[in-house]
Amino acid sequence: MRLAVFDVDGTLIDSRASIHRAAVEAAKVLNLTPPTYDEVRAIVGMSLFEALQAMRPDLDPETVAAYTREFQNAFLTFHADPDFTEALYLGAQETLERLKNDNWLIGMATGNSRRGVTRIVEKHGWGDLFDVTFCADDGPSKPHPHMLQCNLTALGVGTHQAVMIGDATHDMRMARSAQVQAIGVSWGFHTVDELEAAGAHHIVHDFSELGAVLDRFVPELI
């Protein structure tokens with residue numbers, strides 16, 4: 001039995017521009033200083049309230065809550081536009097399908113809300129590919145291991161039988177905390193140096209390389 005748990009934003013979906021844009025639009029509504037891309041990318045992967053709180057520790061909880069709501073409203077506005085797109089990274093769909101055909105279990109651990117996960121799964125036709133999905137609404141934010149542990153428990157998989165695949169340091173730290181092998185992808189929000197410093201066991205640079213790493217994966221205690 002083998003389980004691959006995927007992050008979403010920056011790992012499967014190229015949402016870099018839209019996440020930064022949502023943070024900027026939300027800040028403008030609240031008359032806050034719009035964040036730079038580097039400020040936003042540093043907190044991607046965490047649950048939204050915790051992410052914005054980490055980015056703006058000077059704000060009181062009520063303002064962070066308002067920032068969270070306006071960020072979500074911005075995303076809803078984006079997705080209401082028929083011309084809005086967030087592309088899958090090249091090879092993402094094919095990799096998910098190949099893993100399923102090779103009898104891998106596939107899970108999700110994302111800082112998205114449940115509403116966001118439902119939208120993403122429906123849009124990309126992933127209902128038959130993902131065995132379980134866990135998100136920000138299900139418990140503590142990354143890098144706490146809760147979301148990853150939920151994947152393991154729901155599918156009856158041991159830590160040595162699973163890998164966590166993500167683009168953020170929060171994914172790597174979550175995997176390390178859960179004693180799961182951590183695979184960092186270089187095409188998302190965080191740099192290779194940042195992923196390595198956060199404890200990545202492997203770094204891959206495209207989905208073909210990820211497939212090769214997964215083909216070599218042998219469940220063992222780490």
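**Figure 1. The largest nonpolar core, with 30 residues.** Welcome to the first close-up of this predicted model. Within this core, the residues with the most contacts are Phe6, Leu12, Trp126, Phe130 and Ile165. Two or more residues each come from strand E1 (3-6), helix H5 (92-101), strand E2 (105-109), helix H6 (114-124), strand E4 (162-166), strand E5 (181-185) and helix H10 (207-215). H10 gives the largest share, four residues.

**Figure 2. Phenylalanine 130 and its contacts, with a second core alongside in the legend.** Which residues does phenylalanine 130 touch, not counting those up to four places away in sequence? They are Phe6, Leu12, Leu96, Ile106, Gly107 and Met108. Apart from the core of 30 residues lies another core, made up of 24 residues. Cys150, Ala162, Val180 and Leu195 are among the residues of that other core.

**Figure 3. Helices H5 and H10 where they cross.** The two axes come within 9 Å, and their crossing angle is roughly 20 degrees. That angle makes H5 roughly parallel to H10, because angles under 35 degrees are counted that way. The crossing of H5 and H10 is right-handed. On the H5 side, the contact is made by Ala92, Thr95, Arg98 and Leu99. H10 brings Phe207, Leu210, Gly211, Leu214 and Asp215 to the contact. If you sort the residues of this contact by class, you will find five nonpolar, two polar and two charged.

**Figure 4. Threonine 110 in the loop between E2 and H6.** Is threonine 110 buried or exposed? Its relative accessibility is 0%, so threonine 110 counts as buried. Setting aside neighbours within four places in sequence, threonine 110 is in contact with Asp7, Val8, Val117, Phe134, Cys135, Ala136, Lys142 and Met147. One of these contacts, Lys142, returns in the view of the cis peptide bond, where lysine 142 is joined to proline 143.

**Figure 5. Helix H8 (residues 169-178) and what covers it.** How many of the ten residues of H8 are buried? Seven are, and the helix is mostly covered. The buried residues are Thr169, His170, Asp171, Met172, Met174, Ala175 and Ala178. Their cover includes E2, helix H7 (146-155), E4, E5 and helix H9 (192-197).

**Figure 6. Helix H7 and its meeting with H8.** The buried residues of H7 are Met147, Leu148, Cys150, Asn151, Leu152 and Leu155. Covering them are elements that include E1, E2, strand E3 (132-134), E4 and H8. The axes of H7 and H8 come within 8 Å and cross at roughly 55 degrees, and that makes H7 oblique to H8. The crossing of H7 and H8 is right-handed. Met147, Leu148 and Gln149 of H7 make the contact with Met174, Ala175 and Ala178 of H8. By class, the residues of this contact divide into five nonpolar, one polar and no charged. Just after H7 comes glycine 156, with a positive phi of about 65 degrees.

**Figure 7. Histidine 160 in the loop between H7 and E4.** With a relative accessibility of 28%, histidine 160 counts as partly exposed. What separates the C-alpha atoms of histidine 160 and aspartate 215 in space? The separation is 15 Å, while along the chain they are 55 residues apart. Asp215 also appears in Figure 3, on the H10 side of the contact with H5.

**Figure 8. The cis peptide bond between lysine 142 and proline 143.** Omega of this bond is about 10 degrees. Proline 143 is found in the loop between E3 and H7. Lysine 142 also features in Figure 4, as a contact of threonine 110.

**Figure 9. Asparagine 103 and glutamine 179, each with a positive phi.** Asparagine 103 has phi near 70 degrees, a positive value in a residue other than glycine. You can find asparagine 103 in the loop between H5 and E2, and with a relative accessible area of 65% it is exposed. Glutamine 179, again not a glycine, takes a positive phi of about 60 degrees. Glutamine 179 follows H8, in the loop between H8 and E5. The relative accessible area of glutamine 179 is 51%, so this residue is exposed; the cut-off for exposed is over 50%.

Notes:
Residues are numbered from 1 along each chain as its sequence is written. This is a predicted model: local features need pLDDT of at least 70, side-chain atom pairs count only at pLDDT 80 or more; totals for chains, interfaces and linings use all residues. Side-chain values use heavy atoms; hydrogens and water are left out. A nonpolar core is a set of buried Ala, Val, Leu, Ile, Met, Phe, Trp, Tyr and Cys residues joined through side-chain atoms within 4.5 Å. Buried means under 20% relative accessible area, exposed over 50%, partly exposed in between (1.4 Å probe, protein chains only). Contact means heavy atoms within 4.5 Å. Axes are lines fitted to C-alpha atoms, for helices over the stretch in contact, and angles run from 0 to 180 degrees between N-to-C directions. Angles under 35 degrees count as roughly parallel, over 145 as roughly antiparallel, 65 to 115 as roughly perpendicular and the rest as oblique. A crossing is left-handed if the near helix is turned anticlockwise from the far one by less than a right angle, and right-handed if clockwise. Ala, Val, Leu, Ile, Met, Phe, Trp, Tyr, Cys and Pro count as nonpolar, Asp, Glu, Lys and Arg as charged, and the others, Gly among them, as polar.
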